[in-house]
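Dear colleague,

Please find below the structure that I am handing over to you. My notes on its sheet, its helices and one of its pockets follow.

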Amino acid sequence: IADSDPDRIAERFEGRTVPNRLRVFPQFDVGSHVGDHPFDMGRPVFLAIDPGWTTYAILALQVKGSGHEAVVHVIDEVFGHNTTRDEIIFECQQRDWWSNVHPRDHVMDIAGKHHQPSGSTERDAWWQLTGLHIDVNYVKIEQGIDRLASFLKSTVAQDDGGQWVRTEPYTRLLVNRRCEELAHEFAMYQYPDNIAPEERRIPLDKWNHGLKALGYWLYHWWNMAGDPPQTLEAVFSAGEVA
């Protein structure tokens, strides 16, 4: 037993709970990241979209602060299982935050560029039905994971010429407790257990629809270089609906 894995010993013989080392986002903690983070009527709402045949995921996001201190709030989720695009858009339009949805700066999976049997793309269909401009870009799975993981870390802002003032640890991603499916994905999304740790780069392709949508959006606007472009930062800072 001396050569056994310490976590396995703790779980099986000592009855202690141990973290799942296969989780893609072990940084996610319900106590730190989930709470009462509701819709703010004074701020614009942005959509992160992962269109799918069996699961269609949409996250409603708001941003407080800007630059290095920007905190992203996931205020709501709309998941459609074996539903149509029209039905899920209608569901979004019934939510209290729909009137604050910004006309642009939303992000969709690269599948949004693919032509549907009707002849139009998913992005074009959204434009026709809602008038929203949606960006569609290819984001590698690892890029989305790395960008999302960076927003889950506890951060202490540093003094940089008087620009940063925070001194207490804080996270840059907060999730409204009503987003139960997203929280469930954070708990379930994991790497395969039949591959050596150093080779676990691509997770299992399940329990990840909302997470992928969030990763697309964060990477699109912040990418791994740092801050969002000035155009979006101005929208965030203004706190007004265009």
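Please keep in mind that this is a predicted model.

I begin with the pocket. The lining of the second largest pocket consists of 10 nonpolar, 3 polar and 3 charged residues. The volume of this pocket is about 200 Å³. Its lining has 16 residues, and those closest to the centre are Val139, Lys140, Ile141, Lys212 and Tyr216. Two elements each give two or more residues to this lining, namely helix H5 (141-152) and helix H7 (209-222).

These two helices also pack against each other. The axes of H5 and H7 come within 8 Å and cross at roughly 85 degrees. Angles of 65 to 115 degrees count as roughly perpendicular, and H5 is therefore described as roughly perpendicular to H7. On the H5 side, the contact is made by Gln143, Gly144, Arg147, Leu148 and Phe151. On the H7 side, Leu211, Leu214, Gly215, Leu218, Tyr219 and Trp222 take part. By residue class, this contact comprises 7 nonpolar, 3 polar and 1 charged.

H7 has a further helix partner. Helix H6 (residues 180-188) packs with H7 at an angle of about 95 degrees, and their axes are 8 Å apart. H6 and H7 are therefore also roughly perpendicular to each other. Here Leu182, Glu185 and Phe186 of H6 meet His209, Gly210 and Leu211 of H7. The residues of this contact divide into 3 nonpolar, 2 polar and 1 charged. Leu211 thus appears in the contact of H7 with H5 and in the contact of H7 with H6.

I turn next to the sheet. It is an open sheet of 7 strands with mixed pairing, in the order E1-E9-E4-E3-E2-E5-E6. Which strands stand at the edges? They are strand E1 (34-35) and strand E6 (134-136); each has a single partner strand, so one side of each is left without a neighbour in the sheet. Within the sheet, strand E2 (residues 46-50) pairs with strand E5 (residues 106-108) in the parallel sense, over 2 bridges. Ala48 has Val107 in E5 as its bridge partner.

Finally, H7 connects the two parts of this account. H7 lies across E2, strand E3 (55-64), strand E4 (71-81), E5, E6 and strand E9 (173-176). H7 runs at about 125 degrees to E2.

With kind regards

Note on methods: Residues numbered from 1 in each chain as written. Predicted model: local features only at pLDDT ≥ 70, side-chain atom pairs only at ≥ 80, totals over all residues. Heavy atoms only, no water. 1 Å grid on protein atoms, 1.4 Å probe; cavity = no way out; pocket = protein on both sides within 12 Å on 5 of 7 lines; lining within 4 Å. Points joined across faces, edges and corners; volume = space filled by probe spheres on them. Helix = DSSP H or I, 4+ residues; strand = E, 2+ residues; numbered from the N terminus. Nonpolar A, V, L, I, M, F, W, Y, C, P; charged D, E, K, R; others polar. Pairing = 2+ DSSP bridges. Contact = heavy atoms within 4.5 Å. Axes fitted to C-alpha atoms, helices over the stretch in contact; angles between N-to-C directions. Parallel < 35°, antiparallel > 145°, perpendicular 65-115°, else oblique.
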